[in-house]
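Me: Please take a close look at the largest pocket of this model and at the parts of the fold around it. I should like one connected account, with the cut-offs stated.

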Amino acid sequence: MATTSVDIKFMKTALGLARRGLGRVAPNPAVGCVIVRDGITVGRGNTQPGGRPHAEVMALAEAGEAARGATAYVTLEPCSHTGQTGPCADALIKAGISRVVCATGDPDERVSGRGFDMLRSAGIEVLTGLLQAEADRINAGFFLKVREGRPLFTLKMASSMDGRIALASGESKWITGPEARAYGHLLRAQHDAILIGTGTLLADDPMLDCRLMGLEGRSPVRILLDRHLKVTPEHKLVATAKQIPTLVLCEKGNDTRKAALEGCGVEVIVLENLNDMHALAKALGARGLTRVLVEGGGQVHASFLKAGLADRVEHFMAPKLIGSDGKAALGNLGLAALGHAPHVTCVSIRRLGADILASFDKPE
């Protein structure tokens, strides 16, 4: 049986549910599930904070006996292995689901086709690939962690029209307007972590929390790249580390300062070379992170671009001109030829008040 316009409608609902989990479910994927019987939604669910319970379990609990003979719309292949909970594929079978429409497969080797096989072996009709591109985009970070052992990195840049983030004096508040700044906080809520370098720490002493009304509890893990541990207990990131998880990545030779930070609740990760961006990315993946928002500064952004680790770019552009004496949004890339410049693909452009947000993806 082919998919229909009705299937598309309910899968879009499931995708909307899945997006609710972004920034809250790592190291698990963000999944949505809708259970429909006779054209009526009888159960809805999405992956809960921390990754448990899964979306299918939540939807089945709401549906109860109405799940028998119903169709389940799921954004990711139901798991087939036993972890902290039983397999979702098995839960769908036991509930009497007769048809499963799924957007995309799960690359995790513990699942990867086995979930679909379990369902089909139980006599359930399984259709796959509906709105797959949208589902893949939602869980691009989870897929990268499974395949490459690293999270997805989104570079967030806010600049004037001529690519400046501050005056020569350092004044930068505010380049963009309130609508753009609010959207920036929404991006924080949708990521597992937010990352800055020592330059931004020393210039701004930021809190790096989410200050959107109603989403104050969605502040992500804060990450500081601080080679020589210049951060002190007086900085906001350290002073609030027991309230909001905070990671500091440094190099060897800082044992005394490391102990002081750990006493304040900071998790310190020591790497051989903080310039090795791929090792840094793997360390964050090992920490269970799937989506990291990189807020700067310019040289940190350049480092991710040079390493080919800038998966997405969110560029907020204000209708202002600052001039060449202003501070650049992007540090030195060391390009020897124009053909070596990093390329990105524009996926959307929108207005946010007086500002523009252009969203880009790294080409596949």
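Reply: The lining of the largest pocket divides into 19 nonpolar, 17 polar and 13 charged residues; here Ala, Val, Leu, Ile, Met, Phe, Trp, Tyr, Cys and Pro count as nonpolar, Asp, Glu, Lys and Arg as charged, and the others, Gly among them, as polar. The model is a predicted one, in which local features need pLDDT of at least 70 and side-chain atom pairs count only at pLDDT 80 or more, whereas totals for chains, interfaces and linings use all residues. Residues are numbered from 1 along each chain as its sequence is written, and side-chain values use heavy atoms, with hydrogens and water left out.

In total, 49 residues line this pocket, and those nearest its centre are Thr 200, Asp 204, Glu 295, Gly 296 and Gly 297. The space within the largest pocket comes to about 1,400 Å³. A pocket is defined on a 1 Å grid over the protein atoms alone, as an open set of points with protein on both sides within 12 Å along at least five of seven lines; a cavity is a set of points where a 1.4 Å probe fits but cannot get out, and lining residues have an atom within 4 Å of a point. Grid points are joined across faces, edges and corners, and a volume is the space filled by probe spheres set on the points.

Elements that each supply at least two residues of this lining are β6 (152–159), β7 (164–166), α7 (178–189), β8 (193–197), α8 (198–204), β12 (291–296), α12 (298–306) and β14 (327–328). Helices (H or I, at least four residues) and strands (E, at least two) are DSSP runs, numbered from the N terminus.

One of these elements, α12, has Gly 298, Val 300, His 301, Ala 302, Phe 304 and Leu 305 buried, where buried means under 20% relative accessible area, with a 1.4 Å probe and protein chains only. These buried residues pack against β6, β8, α11 (277–286) and β12, and contact means heavy atoms within 4.5 Å. After α12 comes Gly 308, with a positive phi near 70°.

Phe 304 of α12 also belongs to the largest nonpolar core, which has 31 residues; Phe 304, Leu 195, Ile 223, Leu 249, Leu 280 and Leu 284 touch the most other members. Such a core is a set of buried Ala, Val, Leu, Ile, Met, Phe, Trp, Tyr and Cys residues joined through side-chain atoms within 4.5 Å. At least two residues of this core come from each of β6, β8, β9 (221–225), β10 (246–251), β11 (267–271), α11, β12 and α12. The greatest contribution to this core, 5 residues, is that of α11. Ile 223, leaving aside its neighbours within four places in sequence, is in contact with Ala 193, Ile 194, Leu 195, Ile 196, Leu 247, Leu 249, Leu 284, Leu 289 and Val 292. Another core lies apart from this one; it has 24 residues, including Ile 35, Ala 59, Ala 70 and Ile 97.

The second largest pocket holds about 550 Å³ of space. Its lining has 19 residues, and Asp 136, Ala 140, Arg 312, Asp 361 and Glu 364 lie nearest its centre. By class, this lining divides into 6 nonpolar, 3 polar and 10 charged residues. Both α5 (132–138) and α6 (140–148) supply at least two of its residues, and α6 gives the most, with 5.

Within α6, Ala 140, Gly 141, Phe 142, Phe 143 and Leu 144 are buried. The buried residues of α6 pack against α5, β6, β12 and β13 (312–317). Gly 149, which follows α6, has a positive phi near 75°.

As for enclosed space, there is 1 cavity of 30 Å³ or more. The largest cavity has a volume of about 60 Å³. It is lined by 13 residues, with Val 25, Asn 28, Asn 139, Thr 290 and Arg 291 closest to its centre. The lining of the largest cavity divides into 7 nonpolar, 4 polar and 2 charged residues.

Notes. Buried < 20%, exposed > 50% of the residue type's maximum accessible area, 1.4 Å probe, protein only.
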